[in-house]
Amino acid sequence: MESTRKQLINILEKQKEHISGQELSDQLNISRTAIWKHMNELKKDGYQIEAVQRKGYKIISYPDKISENTLQWGLETSWIGKELHHYDQVESTQAIAHRMAKQGKPHGTVIVADEQVKGKGRMSRPWHSPKGKGIWMSLLLRPELAPIQAPQLTLLAATVLAELISHYSELDPKIKWPNDILVNHKKISGILTEMQAEQDQIQYVVLGIGINVNQEEDEIPEEIRHKASSLKIESNKTWEVQTVIQHILRLFEQTYDQYLDSGFEHVKSIWEHYGYRIGEEVKISTMKRSWKAFLVGIEPDGALLARDDSGNEEKLYSAEIHWGEGGYHA
Ligand code: BTN
């Protein structure tokens, strides 16, 4: 059921001219005082609304600052983000999501922050999350899956990000195994999945998504500038963070539901379509040996499948892969 606020915005958005309080109250079946109260709430959330006597109301400009309300109003999902928390500044959205999971918050809860001061990357690396420049978001999921299937959720999330970038720009995103999103060989996004599980059942998963959206080149820390970038740097345009979050959530929900209905095959084929260096030869080294291999694709347990010159296939979990050209090597 659409909220009154959402319906009100829908009407105002479609309106080229002012619309009277009476007409709004008729259409929404609420009093004119209630309309006036909703207008005040919209203003608090950054909508600029002109109210002209005898003519009525008109939206002049939209919020440039995101909030729980503005994120939820345009969200076309059925379960994800129904509970959504937005913060100006946090240490890490992951920590908040874990806390909320323990408090019993529902499947699909979303935590978004404008800034993280202790953003967390994979393998305990820091994740630079400057104010208003990117998407720093954690999703709380309670999937009815075995713990061994958890890596599939990370791979699924990576396909959602690649699809999104590819649909909304001319960029050619790649997924570098297991789940870094690269554009022009540089990392623009990373995913951190953390899980709480019992022996054969996941209790919950916190899926953290970090995307460098609107940083300029000099806003990327110097020490990683050779291998990290942002959507803006690569596409030469500013991206609207709020809309991107809404698209991610919608596409994530759709892909997740499809995955639960019909399994991992579809995710696997999208992942392999975007997979960095899939179908190419790379050098691989482990503690024991070093060899050249053809990257075949991914396995249902999240491993990378590589084939050597003699046709032997090997599942890789943590080998060092020399990705080759382009400078990206992490
Ligand atoms: C990686 O190392 O590639 C994963 C980076 C994940 C960063 C995101 S930003 C939102 C969430 N909160 C965190 O502290 N980390 C994840």
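These are my notebook entries on a predicted model, covering its overall make-up, annotated spans, odd backbone spots, ring contacts and one helix pair.

**Entry 1: overall make-up**

I started with the whole chain. The protein has 330 residues, and 52% of them are buried. I counted up the secondary structure next and got 9 helices and 14 strands. For the extent, I took the C-alpha atoms along the principal axes, and they fill a box of roughly 80 × 45 × 30 Å.

**Entry 2: what the UniProt record marks**

I pulled the annotations, which come from an unreviewed UniProt entry. Residues 21-40 are listed there as "DNA-binding region". How much of residues 21-40 is helix, and how much is strand? I get 85% helix and 0% strand, with the end C-alpha atoms 13 Å apart.

The record also gives "domain: BPL/LPL catalytic" for residues 66-260. Here I find a mix: 31% helix and 27% strand over residues 66-260. The end C-alpha atoms of that span are 31 Å apart.

Under "binding site", the unreviewed UniProt entry lists Gln-116 and Lys-187. I followed up on Gln-116, which is found in strand E4. Is Gln-116 buried or exposed? Gln-116 is buried, because its relative accessible area is 10% and the cut-off for buried is under 20%.

**Entry 3: backbone oddities**

I went looking for unusual torsions. Most residues other than glycine have a negative phi, and most peptide bonds are trans. So exceptions to that pattern are what I wanted to list.

Which peptide bond is cis? The bond from Trp-177 to Pro-178 is, with omega near 0 degrees. I placed Pro-178 in the loop between strand E6 (174-176) and strand E7 (180-183).

Then I checked phi. Arg-54 is not a glycine, yet its phi is positive, about 65 degrees. Arg-54 belongs to the loop between strand E1 (48-52) and strand E2 (56-61). I also looked up its accessibility: Arg-54 is exposed, at 83% relative accessible area.

Ser-124 turned up in the search as well, with a positive phi of about 60 degrees although it is not a glycine. I found Ser-124 in the loop between strand E4 (109-116) and strand E5 (134-141). With a relative accessibility of 74%, Ser-124 counts as exposed.

**Entry 4: rings and charges**

How many aromatic pairs does a search of the whole structure find? I got 4. One of them joins Tyr-47 and Tyr-62, edge-to-face, 5.8 Å centre to centre and with 65 degrees between the planes. Why does this pair tie together separate parts of the chain? Tyr-47 lies in the loop between helix H3 (32-44) and E1, while Tyr-62 lies in the loop between E2 and helix H4 (68-73), so the pair ties together parts that are 15 residues apart in sequence. I compared the burial of the two partners: Tyr-47 counts as buried at 7% relative accessibility, whereas Tyr-62 is partly exposed at 42%.

I also noted a cluster, in which ring pairs link Trp-79, Phe-252 and Tyr-256.

Next I looked for charged ends over rings. The charged end of Lys-237 sits over the ring of Trp-239, 4.4 Å from the ring centre. Arg-289 does likewise with Trp-291: its charged end sits over that ring, 3.8 Å from the centre.

**Entry 5: the H6 and H9 helices**

Two packed helices are described by the angle between their axes and the distance between the axes. I pulled both values for helix H6 (residues 150-168) and helix H9 (residues 265-274): the angle is about 55 degrees and the axes are 9 Å apart. H6 and H9 are therefore oblique to each other. I looked up the handedness too, and the crossing of H6 and H9 is left-handed.

**Entry 6: Ser-169**

Last, I followed the chain on from H6. Where is Ser-169? Ser-169 is in the loop between H6 and E6. Ser-169 counts as buried, because its relative accessibility is 13%. I then took a C-alpha distance from here: Ser-169 and Ser-235 are 66 residues apart along the chain, and their C-alpha atoms are separated by 7.3 Å.

Definitions and conventions: Residues are numbered from 1 along each chain as its sequence is written. This is a predicted model: local features need pLDDT of at least 70, side-chain atom pairs count only at pLDDT 80 or more; totals for chains, interfaces and linings use all residues. Side-chain values use heavy atoms; hydrogens and water are left out. Helices (H or I, at least four residues) and strands (E, at least two) are DSSP runs, numbered from the N terminus. Buried means under 20% relative accessible area, exposed over 50%, partly exposed in between (1.4 Å probe, protein chains only). Rings of Phe, Tyr and Trp (its six-membered ring) pair if their centres lie within 6.5 Å; planes under 30 degrees apart count as stacked, over 60 as edge-to-face and the rest as tilted. A charge sits over a ring if NZ of Lys or CZ of Arg is within 6 Å of the ring centre and within 35 degrees of the ring normal. UniProt positions are given in the numbering used here, feature names are shortened, and annotations may be inferred rather than shown by experiment. Axes are lines fitted to C-alpha atoms, for helices over the stretch in contact, and angles run from 0 to 180 degrees between N-to-C directions. Angles under 35 degrees count as roughly parallel, over 145 as roughly antiparallel, 65 to 115 as roughly perpendicular and the rest as oblique. A crossing is left-handed if the near helix is turned anticlockwise from the far one by less than a right angle, and right-handed if clockwise.
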